[in-house]
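User: I'd like to learn how to read a few features of this model. Could you take me through them one by one?

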Amino acid sequence: MRLDDYIEELEPDEEAQRRRLAKEKSYEITDHLEEFERNFERALSGDSLVGSTAPSIFVGRSNYPDIPVGVLSPVGDENAAEEYVTDGNWYQEGYDIPDVLQRRTGLLNSNKRANVDSPSIASRLTPNVHDAWDGFVGVQREVAIADRPVDLEIGLDDTPDLGLDAGTDVATPRGPRANARNAELRENPYVPKPIKKTLEDDDWQAQGAMTYLYRRGFDVYDINSILSAGALGETDQRRLVPTRWSITAVDDTVGQFLRGRIRNAPSIDEVQVWANEYMGNRYWVILAPGNWEFELVEMKAPGSIWNPDPEGDTWMASASEGYDGRSSYVEETAGAYYAARLAALEHLESIGRQAKCLVLREVSDDYWAPVGVWQVRESVRNAFEDTYGEAETFHDAVREVATQLPISHARLRRKSELAAGLQSNLSAFSARE
Amino acid sequence: MFKAIVSAETLTSALDSISVLVDECKIHLEEDGLEIRAVDPANVGMVDLSLDASAFESYEADGGLIGVDLSRLEDIASMAESGQLVQLELDEETRKLQIQIEGLEYTLALIDPDSIRQEPDIPDLDLPAEVVLEGKDVNRSVKAADMVSDHIALGVDEGEEYFYVDAEGDTDDVHLELTEADLIDLQVGPAHSLFSLDYLKDMNKAIPSDTEVTLHLGEEFPVKIYFGFAEGQGQVTYMLAPRIQSD
């Protein structure tokens, strides 16, 4: 399809719905929190939460290396525990921002401080029940590696803080938190074989083990949880990894693996523009012939998250890499960079091609609460689902897409390394002899 | 057969100019000197180096080929203090390089040259503009551009007859003009190309500030950067592919 036809067909028909959402957003969350509070009262027996089930874990990063380690459990909605796990399914189900916030705020984070090098890491799968400290971390790790939500009994030290500070402009409405005294398993969790293998091999570097799991069909969400619980890697390197860091580490590691797979692949042979829109974020992915090169450019509308001044200018950030990847840490765009890169590489690897890839992310003011980097990953992954627009050249595509952006083409060229110029290689010039 | 004695500075300069592009390289041990050609894995930057036999205190070779891990060899060379000599000798039996620095002996395992990326053919480019300037002006240009951007445009204004450097960043710009009076030499021709600063910064590290540097430029064409080291007995030519702005 020609790029201009493609763009025409993209015209959003969801405008009205988006406006409605923006209006209703805060009320829905407040109602939801009240309901949660009632459920919680019912589930609490003495100071223990009985019959609880935990689908996932959360490792905080405050006060590193003595960090809060938590098990997350939906209180009063145990039967639907799977739905509380952040993964690609949220996109497939079409969750909107309030859906996500309801799940996030519906998870009680029962946590306890632990040292990242906690001895229970070394003793691995045998939580020491005589030592409540080790025991809690042990249970938490069992939850992380299990393939489904695990039934638990959690002893709480105090009444949970219900986190009713929801709806502030910038902070993600967080779920309720409680200090845990201990946790006990109520069942023997099932651990998939490949995870057992990475768990038991204490001589296997984390990167290799992560890649192995990915190749065995585990998505980055599963791997993230395992890495976070310190359940893979060489023994003396294993430690608890804050969730936020492990998400990026997994996206980066798997991305590097995929980049290696397409390193010698032939290039795509036309310029393609793919688009997707989700949760007030619009994505354009421009693929062009040539050696691998990648860039994410973010444009955040005034009044959106991270750019709250409604009268301000569009806020821009970008990061890029060449054929050999980056030699330095991504300073702008952070985790979104690795998430978008992973998604683009997955597509290229699946078709056995390499390409130059520019991802443009436009965040509108409908994106009123940050839902997490999964949204970037899944939006870009699914951008490749339908059809694409074709353009004659990469710079033609950029010019045309720029007419749909909140910034000028000139400003894009100043900010974007790829829009400014695509890296050629020397053989292109020898051939001209 | 290969046996040579060379000053640590000369050896280090030669190795540094290669290692900015590749980790391993093949070294041709020719009768009249060393030759190295290498291209980075992306095929974006290329280096062609020769170090004449006269740059050595003593030099004997008969046309062999060895493969080396550059960072290992650089580490060893860095053990030498300024003014010290490094003795290199190839042990044909063990295929190892014996290195001696003032009593310090190091045996370096070599790499099978066949396992190293193939050496590039040097493209024969027709580049219409030529700029000769001092190494320190290259350094200054690259440094200034790096403050605002990740890429740099090099070009020649044919009408006004000057060489220019442009860098456009997010908000700030850098522009530098060098007229014939500021340059050692200028041959005017149509030239404007954009280059990645990542590469140019690395190449710039190898350029001595007090040397003469010759740039050959074209329109959206690779740049050829030529300079000498070791009192003119060593020659380096870099080639760098441009970032394409137009199509």
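Analyst: Let's begin with a definition: helices (H or I, at least four residues) and strands (E, at least two) are DSSP runs, numbered from the N terminus. Over residues 122-242 of chain B, the chain is 19% helix and 46% strand, with the end C-alpha atoms 16 Å apart. Before going on, note that this is a predicted model, where local features need pLDDT of at least 70 and side-chain atom pairs count only at pLDDT 80 or more, while totals for chains, interfaces and linings use all residues. Residues are numbered from 1 along each chain as its sequence is written, and chains are lettered from A and ligands numbered from 1 in the order in which they are written.

User: What does UniProt list for residues 122-242 of chain B?

Analyst: UniProt positions are given in the numbering used here, feature names are shortened, and annotations may be inferred rather than shown by experiment. For that stretch of chain B, an unreviewed UniProt entry lists "domain: Proliferating cell nuclear antigen PCNA C-terminal". The UniProt feature "domain: Proliferating cell nuclear antigen PCNA N-terminal", also from an unreviewed entry, sits at residues 6-102 of chain B. Residues 6-102 of chain B come out at 21% helix and 48% strand, and their end C-alpha atoms are 12 Å apart.

User: And how is chain B divided into domains?

Analyst: Domain bounds come from an automatic or database domain assignment. Here chain B splits into domain 1 (2-113) and domain 2 (129-240). Taken over C-alpha atoms, the centres of those two domains of chain B are 28 Å apart. For contacts, the rule is that two residues touch if their C-beta atoms, placed from the backbone, lie within 7 Å. Domain 1 of chain B puts 17 residues into the contact, and domain 2 of chain B puts in 15. On the domain 1 side, α1 (8-19) and β4 (45-52) of chain B are the elements giving two or more residues, with β4(B) contributing the largest share, eight residues.

User: What classes of residue make up the side of domain 1 of chain B that touches domain 2 of chain B?

Analyst: Ala, Val, Leu, Ile, Met, Phe, Trp, Tyr, Cys and Pro count as nonpolar, Asp, Glu, Lys and Arg as charged, and the others, Gly among them, as polar. That side of domain 1 of chain B has eight nonpolar, six polar and three charged residues.

User: How many residues does each chain give to the contact between chains A and B?

Analyst: Chain A gives 20 residues and chain B gives 28. On the chain A side, α16(A) gives the most, with three residues. By class, the chain A side holds five nonpolar, 10 polar and five charged residues. As for strand pairing, two strands pair if DSSP finds at least two bridges between them. Two bridges join β14(A) to β19 (residues 243-244) of chain B, and the strands run antiparallel. Leu422(A) stands opposite Ile244(B) in β19(B).

User: Which backbone angles should I look at?

Analyst: Most residues other than glycine have a negative phi, and most peptide bonds are trans. Glu102(B) has a positive phi near 45 degrees and sits in the loop between β8 (96-101) and β9 (104-109) of chain B. Glu161(B) also has a positive phi, about 60 degrees, in the loop between β11 (151-157) and β12 (162-168) of chain B. In chain A, a cis peptide bond joins Tyr64(A) and Pro65(A), with omega about 5 degrees.

User: Is Glu161(B) buried or exposed?

Analyst: A residue is buried if 20 or more other C-beta atoms lie within 10 Å of its own, exposed if 12 or fewer, and partly exposed in between, with C-beta atoms placed from the backbone. Glu161(B) is exposed because 11 other C-beta atoms lie within 10 Å.
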